[in-house]
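Dear colleague,

Please find below the structure that I am handing over to you. My notes on what was found in it follow directly after.

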Amino acid sequence: IDKVISVYSTKKHKEAFKKCVTSDKNGIKQLTISRKENGKIEIWDPDTSKFENHSGIDGPISKMFEIDFIRSDTNPEDIAKFGATNVCGKLLKSITKDFTSSANPQWQKFKDQHKKTFYEGKDSLKSKVLDIEKRTAEIFSEQFGEAKIEFQFPLPKDDSFYKNTIISIDDGIMTQMEEKGSGMKRSVALALLQVYSEIISNSANLDNIEKPSFLFIDEPEICLHPQGQKKLLNALLNLTKTKQIFIVTHSPYFLKPELIGKVFRFENNDSTGARVFTCKDEIVINKLQQKENKVFFFHHRDLFFSDKVLFVEGANDYKSFSSFCENTGLDNFIQTLYFLAGKDDWYPFKQLYDGLNITVFFLFDLDVISVESKTFSKYCPEIE
C-alpha cells in the first residue's frame with residue numbers, strides 16, 4: 001500500500017491516504033474502499049467510522065486500478081459504444097495500443113500528414129485562419145490590452161479514434177451492431193474479450209502492465225450455449241495473467257477442478273442475512289485437483305449449486321440407485337445424486353461441502369461401513 005500511495009498519489013493526497021490506512025490482526029496494511037452506485041469512490045476513515053471522500057481522493061484511487069463491469073442488465077447500447085469509459089472502447093484501445101506508438105511507421109506518417117494538412121502551405125487550415133487570428137487579436141488589444149491570439153489544431157487524443165467506431169454485422173442482413181438485439185451486442189463484447197485474451201497469451205512480456213485491472217462479469221452464460229461458455233472460460237483464464245476477474249454465475253460450465261479454491265458460494269435469507277462460504281483447506285483442494293487418482297470429475301461441478309447432495313460409491317451404484325428411484329417414484333433424489341471414484345473419496349468431498357455449507361450424505365455398502373474396513377476411522381479417529 002505504501003508503494004501504491006507513493007506512485008499514484010500527489011503530495012496533497014498522501015496524508016489523506018495514510019490517515020485511512022489500517023492494519024488487520026496480522027499487521028497487514030489495508031485500505032477499505034467503497035464504490036457507490038453513482039460511481040463515487042470513498043475510503044473507510046477509522047476516525048469517523050464511515051466512508052469518506054477526502055478532497056477528491058477518488059481521483060487518485062482511480063489511477064491505482066481500473067474496474068470494468070459487464071452486468072447481466074447492462075444497457076446493450078452501452079456495450080455497443082466505444083467511448084473511453086465503455087467496455088468495448090477500453091478493450092479496443094487495449095488491443096490496439098501499439099498502433100499509436102512511435103514505433104509504428106503508419107502512425108508516424110499520419111502525424112506528418114496531419115502537420116502538413118493543418119499547418120504547412122497556403123492550403124493548410126492554419127493558413128486559412130490567419131486573417132481571423134489577426135483581426136481577433138486587433139479587437140482584443142483595442143478593448144482589453146495587448147495580446148497575441150493563435151488558433152491551434154492538435155493531433156486528436158488516442159481514445160477519440162474509438163468513439164465513433166461502428167461495427168457492422170452480417171448475420172443474414174448487414175446492419176450496424178447498434179441495431180441488433182441485446183444478445184448479439186453482449187456476445188460481441190464477450191468475443192472482444194476473447195480476442196484480447198489471445199493477444200495477452202501471445203504476449204512475450206506480461207510485466208509491462210500500467211496498473212492493476214479488475215473485470216466483473218455478471219452471468220456470462222447469458223446468450224451462450226455450453227460450448228461457447230467453455231471457450232469463454234478458457235479466454236477469461238488467459239486474461240487472469242494480467243487482470244483479476246470476478247464472475248457471478250449460475251452455470252457449472254464456468255467451474256473447473258483447478259478453480260475449487262477460488263469458488264465462493266453466497267446465501268441470503270431473512271434469518272441469517274447474507275453469508276459467504278468457501279473451502280480454505282489446501283490439503284483438500286490439492287486432493288480434489290490432482291491429475292492422477294482423479295477425485296473431482298466434471299459432473300461434480302453441479303454440486304456447487306446444490307443445497308443437498310447424496311453420494312454413492314461409484315458409477316455402477318449410481319446406475320442402480322437411479323433405476324431404483326425411477327421405479328419407486330423417488331425421482332427427486334436423482335437431482336441430488338452423484339458418485340465417487342471410490343469409497344475413500346468421501347472425506348475430501350465432505351470437507352469441501354462442509355466449507356461451502358452444503359448438506360452432504362453418503363450411501364455405502366455394508367462392507368464399507370463395517371469397523372474392519374476403517375473407511376471412516378482412518379480419517380476421523382473418534383469414529384469407532
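**Two loop residues with positive phi**

Asparagine 357 lies in the loop between helix H15 (346-355) and strand E15 (359-363). The model is a predicted one, and every value in this message was computed from it. Phi of asparagine 357 is near 60 degrees, a positive value in a residue other than glycine. This deserves a remark because most residues other than glycine have a negative phi. With a relative accessibility of 33%, asparagine 357 is classed as partly exposed.

Serine 49 also has a positive phi, near 55 degrees. Its place is the loop between strand E4 (41-45) and strand E5 (50-52). Serine 49 is partly exposed, its relative accessible area being 48%.

**Strands E3, E4 and E5**

The loop that holds serine 49 belongs to a hairpin: E4 and E5 form it with four residues between them. E4 and E5 run antiparallel and are joined by three bridges. On its other pairing, E4 meets strand E3 (residues 33-35), again in the antiparallel sense and over three bridges.

Isoleucine 43 takes part in both pairings. In E4, isoleucine 43 stands opposite isoleucine 33, and glutamate 52 in E5 is also opposite isoleucine 43. Is E4 enclosed or open to the outside? Four of the five residues of E4 are buried, so this strand is largely enclosed by the rest of the structure.

**The parallel pair E9 and E10**

Strand E9 (residues 213-218) and strand E10 (residues 243-248) run parallel and are joined by six bridges. Within this pair, phenylalanine 216 stands opposite phenylalanine 246 in E10. Helix H11 (residues 226-239) completes the arrangement, as E9, H11 and E10 make a right-handed β-α-β unit.

A further contact concerns tyrosine 196, which is found in helix H10 (residues 182-201). The C-alpha atoms of tyrosine 196 and leucine 236 are separated by 9.5 Å, although the two residues are 40 apart along the chain. Tyrosine 196 counts as buried, at 11% relative accessibility.

**Salt bridges**

How many salt bridges does the model contain? The count comes to eight.

One of them joins the side chains of arginine 265 and aspartate 307, with an N to O distance of 2.8 Å. This pair links distant parts of the chain, 42 residues apart: arginine 265 is in strand E11 (residues 265-269), whereas aspartate 307 is in the loop between helix H12 (282-289) and strand E13 (308-312). The surroundings of the two partners can be set side by side. Arginine 265 is buried, with a relative accessible area of 10%, while aspartate 307 is exposed, with 55%. The same two residues belong to a network of salt bridges that links Arg265, Glu267, Arg275 and Asp307.

Lysine 126 and glutamate 133 form another salt bridge through their side chains, at 2.5 Å from N to O. Both lysine 126 and glutamate 133 are buried.

Lysine 343 and aspartate 344 also form a salt bridge, and their closest N and O atoms are 3.4 Å apart. Here aspartate 344 is partly exposed, at a relative accessible area of 26%, and lysine 343 is partly exposed as well, at 27%.

**Cysteines**

For work at the bench, the cysteines may be of interest. The count of disulfides comes to zero. Cysteine 279 counts as buried, at 6% relative accessibility. Cysteine 325 is likewise buried, and its relative accessible area is 0%.

**A nonpolar surface patch**

Which residues make the nonpolar surface patch of about 350 Å²? The patch is made by Phe264, Phe266 and Val276. Of these, valine 276 is found in strand E12 (residues 273-277).

With kind regards

Notes: Residues are numbered from 1 along each chain as its sequence is written. This is a predicted model: local features need pLDDT of at least 70, side-chain atom pairs count only at pLDDT 80 or more; totals for chains, interfaces and linings use all residues. Side-chain values use heavy atoms; hydrogens and water are left out. A salt bridge is a side-chain nitrogen of Lys or Arg within 4 Å of a carboxyl oxygen of Asp or Glu. Buried means under 20% relative accessible area, exposed over 50%, partly exposed in between (1.4 Å probe, protein chains only). A disulfide is a pair of cysteine sulfur atoms within 2.5 Å. Patches are made of residues with over 30% relative accessible area and no salt bridge: like charges are joined within 9 Å, nonpolar side chains (Val, Leu, Ile, Met, Phe, Trp, Tyr) within 5 Å. Accessible areas come from the Shrake-Rupley method with a 1.4 Å probe; for residues, only the protein chains shown count as cover. Two strands pair if DSSP finds at least two bridges between them. A crossover is right-handed if, with the strands pointing away from the viewer, the path from the first strand over the helix to the second runs clockwise.
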